[in-house]
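Please take a moment to look over the sequence and the model before reading on. The paragraphs below lead from a single helix outward to the rest of the structure.

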Amino acid sequence: MNKMQIIFARELAGYFATPLAYVFIVIFLVMSGIFTFDMGAFYERGQADLMPFFNFHPWLYLFMIPAIAMSLWADERKTGTIELLMTLPVKLSDAVLGKFLAAWVLCGVALLLTFPIWITVNYLGDPDNGVIVAAYLGSWLMAGGFLSIGSCMSAMTRNSVIAFILTVAICFVFVACGTEIVLNAFAWAPQFLVDAIAALSFLTHFDSISKGVLDIRDILFFIVFIASWLFASAIVIEIKKAN
Amino acid sequence: MRPGFPCQDMWVVNMIEISQLTKKFDSFTAVDDLSFKVAEGEVLGFLGPNGAGKSTTMKVITGFLAPTQGSVTVDGHNIATDPIAVKSLIGYLPEGAPSYPDMTTLEFLDFIAEVRGFTGEEKQRRIQKVIDDVELGSVCHKTIDTLSKGFKRRVGLAQAIIHDPKVLILDEPTDGLDPNQKHHVRQLIRNLAKDKIVIISTHILEEVSAVCSRAIIIARGRILADGTPKELEARSAYYGAVSIRLTEDFDLRAALAADPDVREIEQADDSGRHFILLPVAGRHLFNKVSEKSQNGHWPVAEFHMVEGLLEDYFRHVTQDSALESAHMISTEQQG
């Protein structure tokens, strides 16, 4: 096993050694159920697709993902284990990536456990399962985007509550900048600026993937987005670890 | 083994070389132009008042902090250019012995062993060995946050020695341990020291005399003294002094007034019958005073030599340095 895998395994086991993983998964499932059936009017729409389920994911993630991400680095600083980790023969990039991937896999597990809803929709009708698979992938990529912001914010402070609030705030910007309200507010601006703002939003890219359009540009957006924020995390850790 | 180079009359392999190391935090200078070398087999005690720069120096050597200036080389590898190689050679117990609170002792040691590159049987063997060495058998399956301070410290020590490192750096290894545990940890350090470099920081001076072959006293990021504990003790005002206890009142001061070797007579307690005789630097008083007391029929109850006190010397040099710094601050304020 390489160093990154070892850190990944430790972090993932850490989530399941405490109630954190279970609480996260249960709340995630309950919330996504409420959003889908109650607010999303899954039955009333009378359509065999999972749009009401996926449409709420950005807003669900806005609060759920920062809750996992907040402790990624803040806790290491708080307990002093960052000094232990950074003096082991491990590259910083391995540590950043290992921790991120562990949290990302946890999100993936929570997402996979929503499978009854997929069974339900297949039982009730005849949905396009290709679209559903694409939407799951898009949702997971978006979760990664939220997490990477959280990783960086968590590296900034030793207080995980501050990390949580900062992450929610920044994630909100990246979600909201794709909504009609924000884009209409920029109606005065030249079109290229409006397009640029919309292009930065999770919503824009997630919407197109969740409609079953697997455009390489949307996937690349999330990958580049994640990589950039993880790179920023590494820089922040390097600068702040002493304080 | 790399070839060494001659140092005085023997061949010494310098494992750690620190040259002109400076570490600043904003405007505060924690380590100020520090240079020293440590050779294989040495147990170096790092002494200094709180905030002297001991921990910061250790953090730089272990690669946790990057130096502002200067360089650190461990076994020929520079920490700045080859951090992974240096970190592989070092076992480090950070101050406060941090470890992951949600893991059990066994899980934690397993994790460290894997990161250190051990797998399979070798890994199991090493984990078992440190558990035996540091006596962690009873807490293997307990999560670390439920352990007592002493056990946590031992878990920290176990992770530091699991790969049998060439260089062992321990930041206050016995802090918070009870006397038995302290004794045990010192024993362990002595056993480990044979073919390694051990650097320990402490403010317990008896520890230095007990385990270290060399001591460096630092304050305000600078080296104030460097030598074997015996050498440092010899610089104490108490070196060569004698303690004398009398059975009845007797004018010791008058009896010794004419002696040029006696620098000072200190009262050791309130009884007025127990004294410490301090010699003029470089003199020993034992034989002389012993002879005088017999010839003069002094009413002596107890008479013995005083060992040089490391503590006394430590106070002497670090307080001088504090005075100097107070002086510097006041002149800075004036200017």
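**From one helix outward**

On one side of helix α6(B), the residues Pro179(B), Asn180(B), Gln187(B) and Asn191(B) are exposed, and since this is a predicted model, that description rests on computed positions. The helix to which they belong runs through residues 179-192 of chain B and has 14 residues, and the distance from its first C-alpha to its last is 20 Å, close to the 20 Å expected at 1.5 Å a residue.

Which residues of α6(B) are buried? They are Val185(B), Ile189(B) and Leu192(B), and because they cover an arc of only 65 degrees around the axis, they lie on the same side of α6(B). A general rule helps in reading such a pattern: an α-helix has 3.6 residues a turn, so residues three or four places apart point the same way. The cover over the buried residues of α6(B) includes the helices α5 (149-161) and α7 (205-211) of chain B, together with the strands β5 (43-47), β9 (167-171) and β10 (197-202) of chain B.

Chain B also holds an open sheet, in which four strands follow the order β4-β3-β6-β7 with antiparallel pairing. Strands β4 (28-39) and β7 (77-78) of chain B stand at the edges, and each has a single partner strand, so one side of each is left without a neighbour in the sheet. Within this sheet, strand β3 (residues 14-25) of chain B is joined by five bridges to the antiparallel strand β6 (residues 69-74) of chain B, and Ser19(B) has Ser71(B) as its bridge partner in β6(B).

Turning to where the chains meet, 19 residues of chain A are in contact with 19 residues of chain B. On the side of chain A that touches chain B, α1 (3-17) and α7 (81-86) of chain A each supply at least two residues, and α1(A) gives the most, with five residues. Sorted by class, that side of chain A has nine nonpolar, six polar and four charged residues.

Finally, consider the nonpolar interior. The largest nonpolar core has 138 residues, of which Ala103(A) and Ala158(B) touch the most other members, while helix α10 (residues 129-156) of chain A gives the most to this core, with 14 residues. Leaving aside residues up to four places away in sequence, Ala103(A) touches Ile68(A), Ala69(A), Leu72(A) and Leu147(A). A second, separate core has 13 residues, among them Val242(B), Ile244(B), Leu256(B) and Leu277(B).

Note on methods. Residues numbered from 1 in each chain as written. Chains lettered and ligands numbered in written order. Predicted model: local features only at pLDDT ≥ 70, side-chain atom pairs only at ≥ 80, totals over all residues. Pairing = 2+ DSSP bridges. Expected span 1.5 Å × (residues − 1). Buried ≥ 20, exposed ≤ 12 C-beta atoms within 10 Å, placed from the backbone. Arc of directions from axis to C-beta. Contact = placed C-beta atoms within 7 Å. Nonpolar A, V, L, I, M, F, W, Y, C, P; charged D, E, K, R; others polar. Core = buried A, V, L, I, M, F, W, Y, C linked by C-beta atoms within 7 Å.
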